[in-house]
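Subject: Structure for you to look at

Hello,

Please find the structure below, handed over for your own reading. My notes on it follow, and you may want to keep the model open while you go through them.

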Amino acid sequence: MKHICILGSTGSIGTQTLDVISHFPDDFLVTGLSAHQDISRLRQQIQQFKPPAVCVVDQQKADELAQTVSIPVYSGQDGLKQLVELATHDMVVNSVVGAAGLVPTLHAMQHGKDIALANKETIVMAGELVMQTAKEAGVQILPIDSEHSAIFQCLTGHASNDIQRLILTCSGGPYLGKSREQLKNVTVQQSLNHPTWNMGAKISIDSATLMNKGLEVIEAHWLFDISGDAIDVVIHPEAIIHSLVEFKDGSLQAQMAEPDARLPIQVALTYPRRFNRIVKKLNLSKPLTFAEPDTNSFPCLNLAYQALQIGGTMPCALNAANEIAVERYLEGSIDFLEIPRFIEHVIHSHQPVRHPKLTDILRVNEEIRQSFSALKIP
Ligand code: MG
């Protein structure tokens, strides 16, 4: 029986992880849950899965929950650390949204926990540090992001020097085929409406700008130790092929399934075993199409490649700029095309630190957040 702690259990990936676990009650035990502030959903999850401890990041909500449950309720960022270090967990699923996922991930690894990683920002901000920490602690990082799960599955059993290229598929998001002119006045509601995947707000906007794919290129670089120029992106609107690996002999291997995040979650939780299917069976009668990404309408993709190539803290700066720009877009204070303009501005002004330590990464993340209000977007 594998003991699982889920950070961000009330979000989209968190609830889908619990759904997977509920199908295999003899194989998994929930040993910890955390939420940012949605204590009503967390309370339901506590009743159903009976974890021995939980954490609520928002202090007031943590106090409120503690009055009504009989298990320990940790709180704040320190509470996340206290939760993940408990001896009971074998694996920590990180489905926190954004930069907040970094510190608990490092802490969990340092305490010997394998990580199932949905929080790509963690690895974009601090790829070198995260991979180094995993290596030193002797723990595994299993990707939950569907593209990286696909590549992980395709690479199993192959030598790294046989790999020629990784090809990440991209559905294209809600604005596939639109010109810059047409993107000028798109509403937040339209941007949130992803055609194939059902996801949280941050990642839905990232999918609309294609920054999600840019972050995934950086994520793939670190997870699979492949240089950025050997990672390509192809538009595949049906989202059936979840990514491909090209080997040096010209053979390509792909992983296919209906777009349902529960499958990569299941793969991560059960690895190296395979459990029975809970997702819809793939219908192979539909045509599959592919196209080049339009980097004129969606400049975020190239900005991510640039940040990866520059290296050091530049991907961290890119991620922080993107997070804050998306927050401002969601609250209505900037428009859609200002998201890449702000990020580009940050890339041009940031002086990267080489081989950053955790303190460098947290400082850069904080500085860029603070710079937003002082800056006029060009
Ligand atoms: Mg993905």
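Which residue with a positive phi follows α7? That residue is Gly157, and its phi is near 90°. Please bear in mind throughout that this is a predicted model.

**Helix α7**

Helix α7 covers residues 146–155, and 10 of its 10 residues are buried, so the helix is largely enclosed by the rest of the structure. The buried residues include Ser146, Ala150, Phe152 and Leu155. Several elements help to cover them, among them the strands β7 (141–143), β8 (163–170), β10 (241–247) and β11 (252–256). The helices α11 (211–224) and α12 (262–270) are also part of that cover.

One residue to look at in α7 is His148. Its relative accessible area is 0%, so His148 counts as buried. Apart from its neighbours within four places in sequence, His148 is in contact with Pro143, Glu216, Glu219, Ala220, Leu223 and Phe224. With Ala220 there is also a polar approach: a polar atom of the His148 side chain lies 3.5 Å from the backbone nitrogen of Ala220.

**The magnesium ion**

Three residues supply the protein donors of the magnesium ion: Asp145 through OD, and Glu147 and Glu216 through OE. These donors lie 2.1 to 2.2 Å from the ion. Along the sequence, the spacing of the donor residues reads D-x1-E-x68-E. Asp145 and Glu147 are both buried. Glu147 is also one of the buried residues of α7, and Glu216 is one of the contacts of His148.

**Salt bridges**

Side chains of opposite charge can pair when their charged atoms come close. The structure holds 19 salt bridges. Here are some of them.

- Arg165 and Asp232 form a salt bridge in which the closest N and O atoms are 2.5 Å apart. Arg165 is in strand β8 and Asp232 is in strand β9 (residues 231–235), so this pair ties together parts that are 67 residues apart in sequence. Arg165 is partly exposed at 26% relative accessibility, and Asp232 is partly exposed with a relative accessible area of 27%.
- Glu258 and Lys286 form a salt bridge with their closest N and O atoms 3.8 Å apart. Glu258 is in the loop between β11 and α12, and Lys286 is in the loop between α12 and α13 (300–310), so the pair ties together parts 28 residues apart in sequence. Glu258 is buried, with a relative accessible area of 9%, whereas Lys286 is partly exposed at 41% relative accessibility.
- Arg328 and Glu331 form a salt bridge, and the closest N and O atoms are 3.8 Å apart. Glu331 is exposed, with a relative accessible area of 52%.

There is also a network: salt bridges with shared partners join Lys120, Asp145, Glu147, Lys213 and Glu216. Of these residues, Asp145, Glu147 and Glu216 are the protein donors of the magnesium ion.

**Domains**

The chain is divided into domain 1 (2–143), domain 2 (148–258 + 279–295) and domain 3 (311–378). The centres of domain 2 and domain 3, taken over C-alpha atoms, are 24 Å apart. Domain 2 gives 18 residues to the contact between the two, and domain 3 gives 14 residues.

What is buried between domain 2 and domain 3? The area is about 1300 Å², with 77% of it on carbon and sulfur atoms. Across this interface there are 0 salt bridges by the rule, while 4 residue pairs are in polar contact. On the side of domain 2 that touches domain 3, α8 (180–183), α9 (188–192), α10 (201–209) and α11 each supply at least two residues. The largest share of that side comes from α10, with 6 residues.

**Ala268**

The last residue in these notes is Ala268, which lies in helix α12. Is Ala268 buried or exposed? Ala268 is buried, with a relative accessible area of 1%. Leaving out neighbours within four places in sequence, Ala268 is in contact with Lys2, Met91, Ala116, Leu142, Pro143 and Ile144. Leu318 is 50 residues away from Ala268 along the chain, and 28 Å separate their C-alpha atoms.

Regards

Terms used:
Residues numbered from 1 in each chain as written. Predicted model: local features only at pLDDT ≥ 70, side-chain atom pairs only at ≥ 80, totals over all residues. Heavy atoms only, no water. Donors = N, O, S within 2.8 Å, 3.2 Å for Na, K, Ca; no water. Buried < 20%, exposed > 50% of the residue type's maximum accessible area, 1.4 Å probe, protein only. Helix = DSSP H or I, 4+ residues; strand = E, 2+ residues; numbered from the N terminus. Contact = heavy atoms within 4.5 Å. Domains from an automatic or database assignment. Buried area = accessible area lost by both parts, 1.4 Å probe. Salt bridge = Lys/Arg side-chain N within 4 Å of Asp/Glu carboxyl O. Polar contact = N/O pair within 3.5 Å; in protein donor to acceptor, adjacent residues only side chain to side chain.
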